[in-house]
Amino acid sequence: QVQLVESGGGLVQAGGSLGLSCKASGSIHTINDMGWYRQALGKNRELVANITRRGNTIYADAVKGRFTLYWQSRNTVILQMGSLSAEDTAVYFCNAVTVSRTYWGQGTQVTVSL
């Protein structure tokens with residue numbers, strides 16, 4: 001089992017920056033990838049960024065060049081978000097992918113004000 005705890009969400013002005021942290025506990029040795037998804041009101045959940053154990057990353061087109069995902073430690077990833085706009089307002093969910101299943105965090109709200 002893997003447990004995920006997210007932190008760092010909040011309210012930020014347009015053009016500002018914010019960092020989200022996701023800390024995994026439990027069977028962290030089983031984790032292959034970690035990533036962030038987001039879900040805006042009335043929309044489907046969508047991939048924001050993903051990182052493998054080797055550090056290979058993929059980003060949604062909407063965030064390329066503005067967001068950076070990296071390993072802070074063996075069990076913690078950081079999503080550094082910049083040049084935020086109202087379109088980035090959503091609940092952000094961390095996930096961890098193992099061979100057998102995908103685990104999800106509870107989500108953290110990011111609100112970008114105009």
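## The disulfide

In this predicted model, the count of disulfides comes to one. Cys-22 and Cys-94 form it, with their sulfur atoms 1.9 Å apart. The pair ties together distant parts of the chain: Cys-22 sits in strand β3 and Cys-94 in strand β9, 72 residues apart. If you look along the bond between the two sulfurs, the torsion is about -80°, so this disulfide is left-handed.

Are the two cysteines buried or exposed? Cys-22 has a relative accessibility of 0%, so it counts as buried. Cys-94 is buried as well, because its relative accessible area is 0%, and the cut-off for buried is under 20%.

## A sheet of four strands

Now find the open sheet made of four strands, in the order β1-β3-β8-β7, with antiparallel pairing. Strands β1 (2-7) and β7 (67-73) stand at the edges; each has a single partner strand, so one side of each is left without a neighbour in the sheet. On average, neighbouring strands here are turned by 20° against each other, direction ignored. As a general point, strands of a sheet pair through backbone hydrogen bonds, either parallel or antiparallel.

Let us follow the pairs. Strand β3 (residues 18-26) and strand β8 (residues 76-81) run antiparallel and are joined by six bridges. Cys-22, the disulfide cysteine of β3, has Val-77 as its bridge partner in β8. On the other side, β7 and β8 also pair in the antiparallel sense, over six bridges. There, the bridge partner of Trp-71 is Val-77. So which residue of β8 is the bridge partner of both Cys-22 and Trp-71? Val-77 is the residue to look for. A hairpin through two residues joins β7 to β8.

## Two more hairpins

Strands β4 and β5 pair in the antiparallel sense over six bridges. Their hairpin has six residues between the strands, and Gly-42 takes a positive phi near 80° there. One bridge pair to find in the structure is Arg-38 with Glu-46 in β5.

β5 then pairs with strand β6 (residues 57-59), again in the antiparallel sense, over three bridges. In this pair, Ala-49 stands opposite Tyr-59 in β6. The hairpin of β5 and β6 has four residues between the strands, and Gly-55 in the turn has a positive phi of about 95°.

## The nonpolar core

In soluble globular proteins, nonpolar side chains tend to be buried together. Here, the largest nonpolar core holds 30 residues, and those that touch the most other members are Leu-4, Met-34, Trp-36, Leu-79, Met-81 and Tyr-92. Which elements give two or more residues to this core? They are β1, β3, β4, β5 (46-52), β7, β8, β9 (90-97) and β11 (108-113).

Met-34 is a good residue to explore. Leaving aside its neighbours within four places in sequence, Met-34 is in contact with residues including Leu-4, Leu-69, Trp-71 and Val-77. Both disulfide cysteines, Cys-22 and Cys-94, are also among the contacts of Met-34.

## A buried arginine

Arg-38 is found in strand β4 (residues 33-39). Is Arg-38 buried or exposed? Its relative accessibility is 6%, so Arg-38 counts as buried.

What does the side chain of Arg-38 meet? One polar contact, at 2.9 Å, is with the side chain of Asp-88. Another, also at 2.9 Å, joins Arg-38 to the side chain of Tyr-92. Tyr-92 has already appeared as one of the core residues that touch the most other members. Not counting residues up to four places away in sequence, Arg-38 touches a longer list of residues, among them Arg-45, Glu-46, Val-48, Ala-62, Phe-67 and Ala-90.

## Ala-96 in strand β9

Finally, turn to Ala-96, which lies in strand β9. With a relative accessible area of 0%, Ala-96 is buried. Not counting residues up to four places away in sequence, Ala-96 touches Val-2, Leu-4, Ile-31, Asp-33, Met-34, Arg-101, Thr-102 and Tyr-103.

How far apart are Ala-96 and Asn-50 in sequence and in space? They are 46 residues apart in sequence and 9.4 Å apart in space, taken from C-alpha to C-alpha. Ala-96 and Asn-50 are both in contact with Met-34.

Definitions and conventions: Residues numbered from 1 in each chain as written. Predicted model: local features only at pLDDT ≥ 70, side-chain atom pairs only at ≥ 80, totals over all residues. Heavy atoms only, no water. Pairing = 2+ DSSP bridges. Axes fitted to C-alpha atoms, helices over the stretch in contact; angles between N-to-C directions. Buried < 20%, exposed > 50% of the residue type's maximum accessible area, 1.4 Å probe, protein only. Polar contact = N/O pair within 3.5 Å; in protein donor to acceptor, adjacent residues only side chain to side chain. Contact = heavy atoms within 4.5 Å. Core = buried A, V, L, I, M, F, W, Y, C linked by side-chain atoms within 4.5 Å. Disulfide = S-S within 2.5 Å.
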